[in-house]
Amino acid sequence: QFAGEVEVGVEIYDLAGRLVRRLTDARLGAGEYSAEWDGRAADGSTVAPGNYICRVRVDAQARTFTTARVLGVAY
């Protein structure tokens, strides 16, 4: 849907709004992409079981598109 490359960010947050881990922060061209989260925080430690928020942000053509989904972690 976008001409050229756009800035894409995929981040995981806890329910208090603290950044747990940044999965993607890059300029990407047209195409289909995926990001996987292994349930670890930025420091490599395993996160506590519970709910987390995955936020996907696309900065394109003077407009930002954002969506978020709840992810459940259980061990």
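**Salt bridges on a four-stranded sheet**

Okay, let's start with one residue: Arg18 counts as exposed, with a relative accessibility of 54%. Why exposed? Because the cut-off for that word is over 50%, and Arg18 comes out at 54%. Keep in mind that this is a predicted model.

So who does Arg18 pair with? The partner is Asp14, and the two form a salt bridge whose closest N and O atoms are 2.8 Å apart. The side chains of Asp14 and Arg18 are also joined by a polar contact of 2.8 Å. In general, side chains of opposite charge can pair when their charged atoms come close.

Now, is Asp14 buried or exposed? Asp14 counts as buried, because its relative accessibility is 13% and buried means under 20%. So this salt bridge has a buried end at Asp14 and an exposed end at Arg18. If you leave out the neighbours within four places in sequence, Asp14 is in contact with Val20, Tyr52 and Ile53. Asp14 itself lies in strand E1, which takes us to the sheet.

Have a look at the strands. There's an open sheet of 4 strands, in the order E2-E1-E3-E4, and the pairing is antiparallel. Which strands sit at the edges? Those are E2, residues 19–28, and E4, residues 63–73, and each of them pairs on one side only. Going from one strand to the next, the twist averages 15°.

Let's take two of the strand pairs. E1 covers residues 6–14, runs antiparallel to E2, and is joined to E2 by 8 bridges. If you want to find that pairing on screen, look for Val10, which stands opposite Thr24 in E2. Then there's E3, residues 50–60, also antiparallel to its partner E4, with 11 bridges joining them. There, Ala60 stands opposite Arg63 in E4. E3 and E4 make a hairpin, with 2 residues between the strands. One residue in that turn, Gln61, has a positive phi of about 50°. And a general point while we're on strands: in a regular strand, side chains alternate between the two faces of the sheet.

Right, back to charges. How many salt bridges does the structure hold? The number is 9, and we've already met Asp14 with Arg18. Here's another: the side chains of Glu11 and Arg22 meet at 3.7 Å, N to O. Glu11 is in strand E1 and Arg22 in strand E2, so that pair links distant parts of the chain, 11 residues apart. Glu11 is buried, at a relative accessible area of 2%, while Arg22 counts as partly exposed, at 46%.

One more pair. Arg57 and Asp25 form a salt bridge through their side chains, at 3.7 Å from N to O. Because Arg57 lies in strand E3 and Asp25 in strand E2, the pair ties together parts that are 32 residues apart in sequence. Arg57 is buried too, with a relative accessible area of 14%.

And here's how these pairs come together. Which residues are linked in the network of salt bridges? They are Glu11, Arg22, Asp25, Arg55, Arg57 and Asp59. So if you're clicking through the model, pick Glu11 on E1 and Arg22 on E2, then go on to Arg57 on E3 and Asp25 on E2. Those four are among the residues in that network. That's it from me, thanks!

Key: Residues are numbered from 1 along each chain as its sequence is written. This is a predicted model: local features need pLDDT of at least 70, side-chain atom pairs count only at pLDDT 80 or more; totals for chains, interfaces and linings use all residues. Side-chain values use heavy atoms; hydrogens and water are left out. Two strands pair if DSSP finds at least two bridges between them. Axes are lines fitted to C-alpha atoms, for helices over the stretch in contact, and angles run from 0 to 180 degrees between N-to-C directions. A polar contact is a pair of N or O atoms within 3.5 Å; within protein, one must be able to donate a hydrogen and the other to accept it, and residues adjacent in sequence count only if both atoms are side-chain atoms. Contact means heavy atoms within 4.5 Å. Buried means under 20% relative accessible area, exposed over 50%, partly exposed in between (1.4 Å probe, protein chains only).
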